[in-house]
Amino acid sequence: MPDNGTYERLISLLDSTATAYELIDHEPEGTTETVSALRGHPVSEAAKCLVLMVKIDRRVTRHVLAVVPGDRRVDLAAIRTLFAARYVGFCDAATAERLAHAVPGTVLPFSFDPALELVADPDVVARPCLYFNAARLDRSLAMSGADYARLAEPRVERIAGPGAD
């Protein structure tokens, strides 16, 4: 079950690495479009984080945290190809919450669980300023895409398709 330990872990990581970031308090909101308006930036500058179930074969299932720009959708076919998988779909809320250590709408673009592989679209890491909910519905964080890539160490692959989910 998530708690604000995920938020504290993120802030500790940023502070211990002297990474520049800005905290933004706002009304509780987890929808990318709405929270982007509350934060005052284009939706394209948000990191949309989705937990996926990737079935490699009948016996092997992996979980992937896909991070795409907020105005785009995750390309499930690209994920399927990337992992040579039979099936890719969205995880149920309970599994996503357990692996991401955050409730839906607050999932970080960081994985603090070895069972959750992190894959980010190149357009995410290229952002001069990247916004995301900070494991809380009422607080967001802004940081550079380059700092995000350096700290989170995602696998960077083209996984965003056109249009929002």
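**Notebook: helix H2, Glu 29 and an aromatic cluster**

I began with helix H2, residues 32-39, and found that Thr 32, Val 35, Ser 36 and Arg 39 are buried there. I then looked up how these four sit around the axis, and since they cover an arc of only 105°, they are on the same side of H2. I should keep in mind that this is a predicted model.

My next entry is about what that side of the helix meets. I noted that the buried residues of H2 pack against strand S1 (22-25) and strand S2 (47-55), and also against strand S7 (130-133) and strand S8 (139-143). Following the chain onward, I saw that Gly 40, just after H2, takes a positive phi of about 80°.

I then turned to Glu 29, which has its place in the loop between S1 and H2. Which side chain of opposite charge is nearest to Glu 29? I found that it is Arg 39, 9.7 Å away, and that Glu 29 is buried yet has no salt bridge. A salt bridge would need a side-chain nitrogen of Lys or Arg within 4 Å of a carboxyl oxygen. When I listed what Glu 29 touches, leaving out residues up to four places away in sequence, I wrote down Thr 34, Val 35, Leu 38, Asn 133 and Leu 137. Val 35 is thus a contact of Glu 29 and also one of the buried residues of H2.

I also checked the record for this chain. UniProt, in an unreviewed entry, lists residues 26-151 as "domain: YbaK/aminoacyl-tRNA synthetase-associated". Over residues 26-151 I noted 27% helix and 30% strand, with the end C-alpha atoms 25 Å apart.

My last entries concern the aromatic rings, for which the count comes to 3 aromatic pairs, taking ring centres within 6.5 Å as a pair. The rings of Phe 110 and Phe 112 have centres 6.2 Å apart and planes at 15°, so I entered this pair as stacked. Phe 110 and Phe 112 are both buried. For Phe 110 and Phe 132 the centres are 6.2 Å apart and the planes are at 55°, so I entered that pair as tilted. Because Phe 110 lies in the loop between helix H4 (93-100) and strand S6 (116-120), while Phe 132 lies in strand S7, the pair ties together parts that are 22 residues apart in sequence. I noted that Phe 132, like Phe 110, is buried. To finish, I recorded that Phe 110, Phe 112, Phe 132 and Tyr 148 form one aromatic cluster.

Note on methods. Residues numbered from 1 in each chain as written. Predicted model: local features only at pLDDT ≥ 70, side-chain atom pairs only at ≥ 80, totals over all residues. Heavy atoms only, no water. Buried < 20%, exposed > 50% of the residue type's maximum accessible area, 1.4 Å probe, protein only. Helix = DSSP H or I, 4+ residues; strand = E, 2+ residues; numbered from the N terminus. Arc of directions from axis to C-beta. Contact = heavy atoms within 4.5 Å. Lys, Arg positive; Asp, Glu negative; His and termini not counted. UniProt positions renumbered as here; feature names shortened; annotations may be inferred. Phe/Tyr/Trp six-rings, centres within 6.5 Å; stacked < 30°, edge-to-face > 60°.
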